[in-house]
Amino acid sequence: MRFALIGAAGFVATRHMRAIRELGHQLVAALDPHDSVGILDSLAPGCRFFPEPERFSRHLDKLRRSGQGVDYVSVCSPNYLHDAHCRLAMRAGADVICEKPLVLSPWNLDALAELEHETGRRVWTVLQLRVNPALIALREKLRTGPRGDASLYYSTPRGPWYGSSWKGDEARSGGVLANVGVHLFDLLLWLYGPARTAQLTSFSPTQASGVLQHDGMVSEWLLSLDGAESKRMLTMPDGCQDLSDGFKDAHTVVYAETLAGRGFGIEDARPAVDLVHALRSQRGRL
C-alpha cells in the first residue's frame with residue numbers, strides 16, 4: 001500500500017509512520033507547515049515532503065493521474081483540521097486513517113459520510129484502546145457477568161508548552177474533553193453501553209470530571225493535565241485495570257485491522273464525539 005501523511009512534525013505522526021513501515025507499506029508523501037521532520041530519514045527514506053498544502057494536494061493529484069496514487073492518507077494534524085484533511089484525502093482518491101478525535105462537531109460526521117458515499121472512499125479512525133487485549137477480555141467479561149459502577153481516573157501531566165500550543169487552544173483542540181477525553185469516553189461507552197445521561201461536574205482548561213448514567217450502572221470519570229505523575233486507572237467492584245498498559249504496538253494493530261477491513265469508521269467514532277459535544281455544552285452552567 002502507498003500512504004501519504006498530514007501532520008508529519010507532530011508527536012503522534014511517528015507512531016503512524018512506524019505502523020506503515022512495520023506492516024511493509026510505503027510512505028510516499030508528507031505534509032506539515034513545520035520542517036522538523038528529520039524522523040522521515042529513519043522511518044520513510046525517500047518520502048516527498050511538502051510544507052504547503054497546495055503543493056501537497058497537487059502532488060497527490062499528479063500521482064493519481066499517473067496511476068500511482070496513494071491508497072491511504074494518514075491524518076495527524078491539529079484536531080480542528082481533521083474534517084478538512086479527511087475531505088482532501090477522499091477527493092484525492094484515498095481512504096483515510098485519522099487520529100482522534102475524528103471531528104470536533106457531530107454534524108461534520110454526517111458531511112464526511114456523504115463524501116464517503118460520493119467518492120467511494122472510507123474514513124477510518126484510531127481507537128487504540130479497543131484493540132488492547134486486556135480491555136477486549138474485560139468487555140467480554142462484562143457482557144456476560146455483573147458490572148457494577150465504575151470510576152475512571154486519567155491523569156497525564158503536561159508542562160507549560162501545552163497551553164502555548166494548539167492543544168491548549170480549545171477552539172483548535174476541543175480542550176481537555178476532546179483532546180484527552182475522547183478516547184476514554186469511547187472506552188466507557190464501548191464497555192458499558194450508551195450514556196442515558198451525561199453530567200459535567202467540574203471543568204477547567206486542565207481538568208474536568210463528570211458522571212455517565214448507563215443502563216443499570218454509572219461511571220464516574222476525571223481527566224487531568226495537572227499533577228506530577230501519570231495515573232490511568234479504571235476501577236470496578238472486582239478490581240482495577242491500568243490503562244497505561246498495552247499501548248506499545250497499538251497503532252500498528254489498528255493499522256493492521258484497518259487494512260484488513262476491520263477498522264473503526266465514522267459510526268464507531270460517533271457516540272464519543274456526540275458525548276464530548278454534549279459535555280462541552282454544559283461548561284457555561286458550572
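Where does Pro-101 lie? Let's start there, and keep in mind throughout that this is a predicted model. Pro-101 lies in the loop between strand 5 and helix 5. And there's a little surprise in that loop: Lys-100 and Pro-101 are joined by a cis peptide bond, with omega at about -20°. Most peptide bonds are trans. So keep an eye on that spot as we walk outwards from the loop.

Okay, the sheet that strand 5 belongs to. It's an open sheet of seven strands, and the order is 3-2-1-4-5-6-13, with mixed pairing. The edges are strand 3, residues 48–50, and strand 13, residues 264–265; each of those has a single partner strand, so one side of each is left without a neighbour in the sheet. Further in, strand 1, residues 2–6, pairs with strand 4, residues 72–75, in the parallel sense, and that pairing runs over four bridges. If you want one register to click on, take Leu-5: its bridge partner in strand 4 is Ser-74.

Now, which helices pack on this sheet? One is helix 4, which touches strand 1, strand 4, strand 5 and strand 6, and its direction makes about 155° with that of strand 5. Another is helix 11, residues 250–259, touching strand 1, strand 4, strand 5 and strand 6, with its direction at about 145° to that of strand 4.

Let me stay with helix 11 for a minute. There are five aromatic pairs in the model. One of them is Phe-3 with Tyr-255: ring centres 5.9 Å apart, planes at 35°, so that pair is tilted. What I like here is the sequence separation, since Phe-3 sits in strand 1 and Tyr-255 in helix 11, 252 residues apart.

Tyr-255 turns up again where helix 11 meets helix 1. Helix 1 is residues 13–22, and its axis comes within 8 Å of the helix 11 axis, crossing at roughly 55°. The two are therefore oblique to each other, and the crossing is right-handed. On the helix 1 side you have Arg-15, His-16, Ala-19, Ile-20 and Glu-22; on the helix 11 side, His-251, Thr-252 and Tyr-255. By class, that contact has three nonpolar, three polar and two charged residues.

Back to helix 4, then, and to helix 5 on the far end of our proline loop. Helix 4 is residues 82–91, helix 5 is residues 106–119, and they pack at an angle of about 5° with the axes 10 Å apart. That makes them roughly parallel. From helix 4, the residues in the contact are Asp-83, Cys-86, Arg-87, Met-90 and Arg-91, and they meet Asn-108, Ala-111, Leu-112, Leu-115, Glu-116 and Thr-119 in helix 5. The split there is five nonpolar, two polar and four charged.

Helix 5 also packs with helix 12, residues 266–280: the axes come within 9 Å and cross at roughly 160°. Those two are therefore roughly antiparallel, with a right-handed crossing. Helix 5 brings Pro-106, Trp-107, Leu-109, Asp-110, Leu-112, Ala-113 and Glu-116, and helix 12 brings Ile-266, Arg-270, Val-273, Asp-274 and His-277. This contact has seven nonpolar, one polar and four charged residues. And notice Leu-112 and Glu-116: they're in the helix 12 contact, and they're in the helix 4 contact too.

Last stop, the six-stranded sheet. It's open, the order is 8-9-10-7-11-12, and the pairing is mixed. At the edges are strand 8, residues 197–204, and strand 12, residues 239–242, each pairing on one side only. The twist averages 15° from one strand to the next.

How do strand 8 and strand 9 pair, parallel or antiparallel? Antiparallel, over seven bridges, and a hairpin of two residues joins them. Phe-203, for instance, has Ala-208 as its bridge partner in strand 9. Strand 7, residues 150–155, and strand 10, residues 217–224, go the parallel way, over six bridges, and there Leu-152 is bridged to Trp-221 in strand 10.

This sheet has a helix across it as well: helix 10, residues 181–192, lies across strand 7, strand 9, strand 10 and strand 11, running at about 165° to strand 10. That's my tour, thanks.

How values were computed:
Residues are numbered from 1 along each chain as its sequence is written. This is a predicted model: local features need pLDDT of at least 70, side-chain atom pairs count only at pLDDT 80 or more; totals for chains, interfaces and linings use all residues. Side-chain values use heavy atoms; hydrogens and water are left out. Axes are lines fitted to C-alpha atoms, for helices over the stretch in contact, and angles run from 0 to 180 degrees between N-to-C directions. Angles under 35 degrees count as roughly parallel, over 145 as roughly antiparallel, 65 to 115 as roughly perpendicular and the rest as oblique. Contact means heavy atoms within 4.5 Å. Ala, Val, Leu, Ile, Met, Phe, Trp, Tyr, Cys and Pro count as nonpolar, Asp, Glu, Lys and Arg as charged, and the others, Gly among them, as polar. A crossing is left-handed if the near helix is turned anticlockwise from the far one by less than a right angle, and right-handed if clockwise. Two strands pair if DSSP finds at least two bridges between them. Rings of Phe, Tyr and Trp (its six-membered ring) pair if their centres lie within 6.5 Å; planes under 30 degrees apart count as stacked, over 60 as edge-to-face and the rest as tilted.
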